[in-house]
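Visitor: Please take a close look at a single part of this model, the lining of the largest cavity, and then go on to the aromatic pairs.

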Amino acid sequence: MCTKRVRALERAGSYDIIILGRVTARHPQSSVDALRSTWAHAWKYMTRLGTDPMETMAIDYDPKVRLVEMIAFDAGNGSMIMYHANNAQKKFLRELGLSERDIRRLIGGDDIMDPITTADGTVVTEKMLDQWPADVEHGVYHGSPGKVVTRRRFGRPRTYAEPMDTVTLRVTADTLHEAEQLANHDNVSRATMLRELLDLGLKEKRRRMTA
């Protein structure tokens with residue numbers, strides 16, 4: 001960076017800044033005093049190459065906490081004339097040298113994101129992601145169906161070694177009450193106790209049949 005540009009940047013915030021009337025006319029929400037203060041305390045200045053008179057870009061938050069972009073040129077008499085001020089735009093921030101990630105952090109933006117690329121090479125943007133849900137509501141589905149992969153079984157994990165079938169049977173209230181008492185005594189579930197009783201009954205039945 002040449003010495004002239006360095007000195008211009010060092011003095012940019014201390015210049016007497018003159019705001020052209022068209023700036024506040026186009027943006028009445030920004031007062032002259034607010035723009036002067038925002039310029040004086042800007043957190044980033046940059047001179048534009050090849051401009052004559054030399055132009056300086058600046059950016060900062062105004063008193064209403066809006067990120068404002070500003071451009072002024074050197075009037076040559078110790079003052080600068082601001083001819084542009086607006087809410088910060090992506091193009092301006094890029095010219096200031098900010099990264100896409102910083103721009104996204106500062107002002108957001110549907111087309112600024114870490115790239116996502118599909119298997120066929122399509123680059124997916126945030127704008128597309130915002131649009132797709134609305135398309136689905138109107139019956140428009142993007143892409144093509146893929147293979148459904150299930151990584152695990154649904155439901156509770158199996159707690160027994162052998163596969164089991166579910167059966168339904170009716171028992172009397174007394175029988176069910178006795179089974180629950182035995183289950184509580186052995187500190188097992190009612191289903192476990194009913195299976196144990198069924199196994200014992202089957203073993204006893206087979207013993208009698210072979211006796």
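Guide: The lining of the largest cavity divides into four nonpolar residues, five polar ones and no charged ones. This is a predicted model, and the description that follows is computed from it. The residues in question are Val23, His27, Gln29, Ser30, Leu35, Val68, Ala85, Asn86 and Asn87. Strand 5 (residues 79–87) gives the largest share of this lining, with three residues. The space enclosed there is about 50 Å³, and the count of cavities of 30 Å³ or more comes to one.

Strand 5 comes up again with the aromatic rings. A pair of such rings is described by the distance of the centres and the angle of the planes. The count here is two aromatic pairs. One joins Trp39 and Tyr45: the ring centres lie 5.6 Å apart and the planes stand at 70 degrees, so this pair is edge-to-face. Trp39 is buried, at a relative accessible area of 0%. Tyr45 also counts as buried, because its relative accessibility is 18% and the cut-off is under 20%.

The rings of Phe73 and Tyr83 have centres 6.1 Å apart and planes at 40 degrees, and the pair is therefore tilted. Phe73 sits in strand 4 (residues 67–74) and Tyr83 in strand 5, ten residues apart, so that the pair links distant parts of the chain. With a relative accessible area of 23%, Phe73 is partly exposed.

Technical notes. Residues numbered from 1 in each chain as written. Predicted model: local features only at pLDDT ≥ 70, side-chain atom pairs only at ≥ 80, totals over all residues. Heavy atoms only, no water. 1 Å grid on protein atoms, 1.4 Å probe; cavity = no way out; pocket = protein on both sides within 12 Å on 5 of 7 lines; lining within 4 Å. Points joined across faces, edges and corners; volume = space filled by probe spheres on them. Helix = DSSP H or I, 4+ residues; strand = E, 2+ residues; numbered from the N terminus. Nonpolar A, V, L, I, M, F, W, Y, C, P; charged D, E, K, R; others polar. Phe/Tyr/Trp six-rings, centres within 6.5 Å; stacked < 30°, edge-to-face > 60°. Buried < 20%, exposed > 50% of the residue type's maximum accessible area, 1.4 Å probe, protein only.
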